[in-house]
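Here is a set of exercises to work through with the structure open beside you. Try each task on your own before reading its solution.

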Amino acid sequence: MSFRIRLRQRLVYLCNPYATKRSFCVRVMKIIYHCFGGSHSSVLAAALHLGLIDKNKVPGMSEMMKIPYFDKTTNADFGSIRLMGIDEYHNEIYVLGKKNLGKRYANILMGIAEILGVKEELLTVDCMSRVNWSMKIGGFTSRRMGWVSLGRPVLGKGAEAAFWDLVNLVEITRMKAMKKVQVT
Amino acid sequence: MKIVFLGTTGVQHSLIAAHIYLGQLKEQDFRSLEYYCDLSQEPSGFPIFIGDDARGNSVYSLGVGKDLQMGQKTIENLLIILGFSSQDLALRPISIKAEVFLACLGKIPRYLGGTKITLFFSNIILRQELAAIKENVEQFCN
């Protein structure tokens, strides 16, 4: 690892209000959950990762609506990487809406990280594999068409049905992040 | 420093722009350029290394799909969260009129002659758009 990257990590540590002595020697990761709109499945997964919602109980619609960004994004948010929070291992958790660009978009992000020499710091998670038709139709109706009162109940049903799949995805991601984090 | 030329695909106009920037484009027959219209490179999403310029900057070409602005925005956001700036990686979006058509050509399956069709139309379109691409590159150089 180059001196410049190590220096940058030290600076990140010094500027990070959540940093502890442990994070001085452990690489802090950036985990990006991404889906079509960056508004439902990725936000739900990020909230699960951060412990904003209980992973042992299917949340109701009112509980989901309390999650930042959940069903609140606009077209201008496509392509924006938004911080959701920092987990207990000091990993930064982000969400991203990438339209229908599929796995290629994650590859682009990893490619950019690789040429900058920080590939190990980045983990991208595609949530689209855990999205069901109810979430797609409800999300489209609520966000794209703007018919919130019509789309939100359908979305809620879909999110409840996909909840355990998302819990599974988050657990896999946490394992991957733990494997990827190396003591420097 | 890294310089990344962004296009809807990384193997057509952005690739030509990168070669123009490096002064490597000698003639209008783009077929001699490495990776030109090689759409198999696209799904990997990895920036294609073109060469180093006189200042030692590494030059890449990258395709971000049909929404170029969104791609640029995401990469700019990524740079910030990774703690880098435009001085570490400079993005050079290259936009031409027929970019959506070129991206659609890439969807034609190989068994229907997609590779040859893409190559044929890309040559015609990119020759016509060469002046616009050069203008784009000159703007970045100044």
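## Exercise 1: Strands in the sheet of chain A

In this predicted model, A:R82 stands opposite A:V95 in β3(A).

**Task.** Work out which strands of this sheet stand at the edges, and what that leaves them without.

**Solution.**

Step 1. Start with the pair of strands that holds those two residues. β2(A) and β3(A), the latter covering residues 92-97, are paired in the antiparallel sense through 5 bridges. Another position to look at is A:I86, whose bridge partner in β3(A) is A:E92.

Step 2. Look at the turn. The hairpin of β2(A) and β3(A) has 5 residues between the strands, and A:H90 there takes a positive phi near 70°.

Step 3. Now lay out the sheet. It is open, with 4 strands in the order β2-β3-β1-β4 (chain A) and mixed pairing. The edges are taken by β2 (81-86) and β4 (122-126) of chain A; each has a single partner strand, so one side of each has no neighbour in the sheet. From one strand to the next, the twist averages 25°.

Step 4. Add the helix. Helix α5 of chain A, residues 102-115, lies across β1 (30-35), β3 and β4 of chain A and runs at about 180° to β4(A).

## Exercise 2: A salt bridge between strands

**Task.** Find the residue that forms a salt bridge with A:K30, and say how many residues apart the two are.

**Solution.**

Step 1. Recall the principle: side chains of opposite charge can pair when their charged atoms come close.

Step 2. Check the distance. The partner is A:E92, and the closest N and O atoms of the pair are 3.4 Å apart. The cut-off for a salt bridge is 4 Å.

Step 3. Place the pair in the chain. A:K30 sits in strand β1 of chain A and A:E92 in strand β3 of chain A, 62 residues apart, which links distant parts of the chain.

Step 4. Put the pair in context: over all chains, the structure holds 8 salt bridges.

## Exercise 3: Two partners of one helix

**Task.** Classify how α7(A) is oriented to α6(A) and to α3(A).

**Solution.**

Step 1. Take α6(A) (residues 133-144) and α7(A) (residues 148-180): they pack at an angle of about 150°, and their axes are 7 Å apart. The angle makes α6(A) roughly antiparallel to α7(A), since angles over 145 degrees count that way. Their crossing is left-handed.

Step 2. Inspect that contact. Among the residues making it are A:G138, A:G139 and A:S142 of α6(A), with A:G151, A:G158 and A:A162 of α7(A). By class, the contact of α6(A) with α7(A) has 7 nonpolar, 7 polar and 2 charged residues.

Step 3. Turn to α3(A), residues 41-50. It packs against α7(A) at about 55°, with the axes 9 Å apart, and the two helices are therefore oblique to each other. The crossing here is right-handed.

Step 4. Inspect this second contact. A:S41, A:L44, A:A45, A:L48 and A:H49 of α3(A) meet A:A159, A:F163, A:L166, A:V167, A:V170 and A:R174 of α7(A). The contact of α3(A) with α7(A) divides into 8 nonpolar, 2 polar and 1 charged residues.

## Exercise 4: Sheet and helices in chain B

**Task.** Identify the edge strands of the sheet in chain B, then describe how α1(B) crosses α4(B).

**Solution.**

Step 1. Trace the sheet. This open sheet of 4 strands has the order β2-β3-β1-β4 (chain B) and mixed pairing. Its edge strands are β2 (48-52) and β4 (89-93) of chain B, each pairing on one side only. The twist averages 25° from one strand to the next.

Step 2. Follow one pairing. Strand β1 of chain B (residues 2-7) pairs with β4(B) in the parallel sense over 5 bridges, and B:R92 in β4(B) is the bridge partner of B:F5.

Step 3. Add α1(B), which lies across β1, β2 and β3 of chain B at about 145° to β1(B).

Step 4. Finish with the helix pair. The axes of α1(B) (residues 13-22) and α4(B) (residues 114-141) come within 9 Å and cross at roughly 55°, which makes α1(B) oblique to α4(B). The crossing is right-handed.

Methods:
Residues are numbered from 1 along each chain as its sequence is written. Chains are lettered from A and ligands numbered from 1 in the order in which they are written. This is a predicted model: local features need pLDDT of at least 70, side-chain atom pairs count only at pLDDT 80 or more; totals for chains, interfaces and linings use all residues. Side-chain values use heavy atoms; hydrogens and water are left out. Two strands pair if DSSP finds at least two bridges between them. Axes are lines fitted to C-alpha atoms, for helices over the stretch in contact, and angles run from 0 to 180 degrees between N-to-C directions. Contact means heavy atoms within 4.5 Å. Angles under 35 degrees count as roughly parallel, over 145 as roughly antiparallel, 65 to 115 as roughly perpendicular and the rest as oblique. A crossing is left-handed if the near helix is turned anticlockwise from the far one by less than a right angle, and right-handed if clockwise. Ala, Val, Leu, Ile, Met, Phe, Trp, Tyr, Cys and Pro count as nonpolar, Asp, Glu, Lys and Arg as charged, and the others, Gly among them, as polar. A salt bridge is a side-chain nitrogen of Lys or Arg within 4 Å of a carboxyl oxygen of Asp or Glu.
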